[in-house]
Amino acid sequence: MDPADQLMRCELFHDVLARDVLIERSGQHRSGLFTREGIIEDSLLRRHYGTFIDARIDPPPGRVRYGPPGTFIFGGYLQTHYGHFLLETLNTVWALRKHAHLPIVWIPKKGETQWLDWQLEILDLLGISRDRHVLNRGDTRYERMLVAQAGYEIQRTFHPVQEAALGQVAPAPIIAGKRLWLSRSGSSRSRAGMVNEDALEAQLESHGWNIFVPERHTVARQLEEISSAEIVSGIAGSAFHSVLLLDHVTSTLMPVFARVPKNENFTTIQRQKGFKQIRVDLPPSALQVVKKGHWHGADFVRLLEPDLVVGPLLEAQNLLG
């Protein structure tokens, strides 16, 4: 049996009701696809080791509009966070590529009316035509909807078929001696941050590191910079997940963890793609928490002494010889 077929729990559902996404203050989704028999579990997001996000258990009201006729495939929930877009919005990309003839229904965040440039660029890199995209609006009934099993579940599983479907970009040749620091200076301050990271970056530059701000460049340029470096480091965050789009990774990743909550995505991705990764944990004395993150989100932290980051990083670098 083809390995891809082992994953496929796809079925054609009739009269599927797609509910628009409601974003709560906690950031959770309350949505889902329903048939007359109830909710379709594969249309829901799972987080925190397999538990469903706080989803609806009852279908929306009976007054709905009708979508275009024909068969569609469910894409998922459009995330505007880069990492969650790669891991969750695209968690069925293996099926979107397999059923390339079907239009794709996406559920946007409430209030979102158009695609972001980097989202479309990633879909282009994956060979998913822009002509296929349908943004769902409100409660809509579709004649037939193909719903696929998630190939990636946050902090939990990464199926090899999903890994192969995401990894469509060939890496650039390695540049001998190139060490790349993924700066968070371009990240939204509403998500997480580090005070004094500029002082750290100045020290790293003095040691020969290249400072790179991913948000200032196209996704293709990010992949070129990351894949051509012998060592890629930075405060652990979504920028590291760009390696999902590479068909293989020859760089060594050294994510620096500056918070207590455990993030298994780094291990899950590394294990499936098979690259070398060295985790660098900062001592508590290096940081001061300015503001706690929500649930498992990143904290705002103040870097007290850049040397307390540079030291462990250089030690990890020396392990490579």
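In this report, Ala, Val, Leu, Ile, Met, Phe, Trp, Tyr, Cys and Pro count as nonpolar, Asp, Glu, Lys and Arg as charged, and the others, Gly among them, as polar. The structure is a predicted model, and the text below concerns its internal cavities and the strand β10.

**Cavities**

A search of the whole structure yields four cavities of 30 Å³ or more. The largest of these holds about 100 Å³ of space. Its lining is formed by 14 residues, of which D42, F74, G76, N91 and T92 are the closest to the centre. Strand β7 (residues 71-77) supplies the largest share of this lining, namely four residues.

The second largest cavity has a volume of about 60 Å³. Among the residues lining the second largest cavity are L78, T80, P108, W115 and L135; E112, T113, Q114, L116 and Q119 also belong to that lining.

The two linings divide by residue class as follows.

| Cavity | Nonpolar | Polar | Charged |
|---|---|---|---|
| Largest cavity | seven residues | five residues | two residues |
| Second largest cavity | five residues | four residues | one residue |

**Strand β10 and its partners**

Strand β7, which contributes to the lining of the largest cavity, is joined to β10 by three bridges, and the two strands run parallel. Within this pairing, F72 has M145 in β10 as its bridge partner. Strand β6 (residues 65-66) also runs parallel to β10, with two bridges joining them. Here R65 stands opposite T140 of β10. Strand β10 itself (residues 140-147) is mostly covered, as six of its eight residues are buried.

Definitions and conventions:
Residues numbered from 1 in each chain as written. Predicted model: local features only at pLDDT ≥ 70, side-chain atom pairs only at ≥ 80, totals over all residues. Heavy atoms only, no water. 1 Å grid on protein atoms, 1.4 Å probe; cavity = no way out; pocket = protein on both sides within 12 Å on 5 of 7 lines; lining within 4 Å. Points joined across faces, edges and corners; volume = space filled by probe spheres on them. Buried < 20%, exposed > 50% of the residue type's maximum accessible area, 1.4 Å probe, protein only. Pairing = 2+ DSSP bridges.
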